[in-house]
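Below are some notes on the model, set out as numbered points. Please read them with the structure open.

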Amino acid sequence: MPKKLVAAALILCGLVAPAHAEMPAQNFDPHAPVQAQPAPQAAAPGGMMYARNDGAVWWKQPDLIGFSAGYYDVNRNNPRNPAADFRVEHRWGVSLLPKVSSFFDSWEPYVQFRPLAGLEGTSDGALYGYGGFVMDIFIGENFFLSPNEAVGVYYRGNGKRLGSFVEFRSTMEAGYRFDNNMRVSVSYGHISNAGLTKLNPGTEILSGNVYIPVGWIFGD
């Protein structure tokens with residue numbers, strides 16, 4: 001019996017050895033460059049992947065500059081002074097809630113708060129400079145709602161009397177964010193002095209908006 005086992009082993013070795021000899025040798029070269037492994041994608045709560053092709057997560061937003069055109073005093077309230085409305089606005093890319101507490105890190109793909117500042121003017125000479133905060137509510141990677149609140153200084157020009165040089169602005173905005181971070185949206189805003197004076201007619205503005213990364217204009 002042992003002789004038969006030895007003979008079988010020799011036959012098996014004879015069959016395997018030629019096949020092994022035909023395989024190319026795998027020599028280790030200590031000077032060969034190490035292949036870089038692809039960067040891991042970031043995962044949002046729930047395990048869904050949200051990484052772009054360049055490895056950055058999509059919700060890390062850049063500074064944006066917005067250009068708006070619309071209809072001032074769109075509602076038929078008295079006294080009414082309709083005019084064309086134009087606005088330039090800067091929205092910072094920094095997300096404020098994680099600066100307050102790491103508890104809000106998991107909110108990033110869904111809700112973010114950012115500072116904003118802008119200058120608004122009308123075709124009849126009114127000017128409004130303001131600053132405030134915008135809340136981005138992301139609906140997936142592309143659709144968003146952006147309610148925002150601001151306070152600023154109002155100069156009437158030949159336009160509508162709003163009762164105070166201090167005016168507050170509340171705006172609801174909805175739009176679409178492209179993968180390159182450009183945005184288009186429509187917004188409906190209300191400006192009033194919140195009862196600081198007896199004269200407080202308020203005004204409403206309907207606008208179309210385009211936002212582009214600041215880096216497109218001034219470079220990274």
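1. Burial and overall make-up. Of the 220 residues in this predicted model, 35% are buried. The secondary structure consists of three helices and nine strands, and along the sequence the elements run α-β-β-α-β-β-β-β-β-β-β-α. Taking contacts between residues at least 6 apart in sequence, 57% link residues at least 24 apart.

2. Confidence. Mean pLDDT for the protein is 83, with 75% of residues at 70 or more. Residues 1-26 have pLDDT below 50, and beyond near neighbours in sequence this stretch has one contact in the model. For residues 46-54 the pLDDT also stays under 50, but here the model has 23 contacts beyond four places in sequence. Where pLDDT is low, predicted coordinates should not be read in detail. The 23 contacts of residues 46-54 should therefore be treated with that caution.

3. The cavity. A search of the whole structure returns one cavity of 30 Å³ or more. The space in the largest cavity is about 50 Å³. Its lining consists of Tyr-72, Asp-85, Glu-120, Gly-121, Thr-122, Ala-126, Leu-127, Tyr-128, Tyr-154 and Ile-191. By class, six of these lining residues are nonpolar, two are polar and two are charged.

4. Which elements supply the lining of the largest cavity? Strands β3 (111-122) and β4 (127-139) each give at least two residues. The largest share, three residues, is from β3.

5. Thr-122. This residue belongs to strand β3 and is among those lining the largest cavity. Is Thr-122 buried or exposed? Its relative accessibility is 13%, so Thr-122 counts as buried, the cut-off for buried being under 20%. The side chain of Thr-122 forms a polar contact of 2.4 Å with the side chain of Asp-124. Leaving out residues up to four places away in sequence, Thr-122 touches Tyr-72, Ala-83, Ala-84 and Asp-85. Tyr-72 and Asp-85 are also listed in the lining of the largest cavity.

6. Ser-192. Strand β8 (residues 183-192) contains Ser-192. Ser-192 counts as buried because its relative accessibility is 12%. A polar contact of 3.3 Å joins the side chain of Ser-192 to that of His-190. With residues up to four places away in sequence set aside, Ser-192 touches Glu-167, Phe-168, Asn-200 and Gly-202.

7. Leu-196. This residue sits in the loop between β8 and β9 (203-213). Why does Leu-196 count as exposed? Its relative accessibility is 51%, and the class of exposed residues begins over 50%. Beyond its neighbours within four places in sequence, Leu-196 is in contact with Ser-164, Val-166 and Phe-168. Phe-168 is also touched by Ser-192. From Leu-196 to Glu-167 the C-alpha to C-alpha distance is 8.9 Å, with their positions 29 residues apart in sequence.

8. Points to check against the display. The side-chain pairs to look at are Thr-122 with Asp-124, at 2.4 Å, and Ser-192 with His-190, at 3.3 Å. For burial, Ser-192 at 12% and Thr-122 at 13% can be set beside Leu-196 at 51%. For confidence, the stretches to mark are residues 1-26 and residues 46-54.

Definitions and conventions
Residues numbered from 1 in each chain as written. Predicted model: local features only at pLDDT ≥ 70, side-chain atom pairs only at ≥ 80, totals over all residues. Heavy atoms only, no water. 1 Å grid on protein atoms, 1.4 Å probe; cavity = no way out; pocket = protein on both sides within 12 Å on 5 of 7 lines; lining within 4 Å. Points joined across faces, edges and corners; volume = space filled by probe spheres on them. Helix = DSSP H or I, 4+ residues; strand = E, 2+ residues; numbered from the N terminus. Nonpolar A, V, L, I, M, F, W, Y, C, P; charged D, E, K, R; others polar. Buried < 20%, exposed > 50% of the residue type's maximum accessible area, 1.4 Å probe, protein only. Polar contact = N/O pair within 3.5 Å; in protein donor to acceptor, adjacent residues only side chain to side chain. Contact = heavy atoms within 4.5 Å. pLDDT = per-residue confidence, 0-100.
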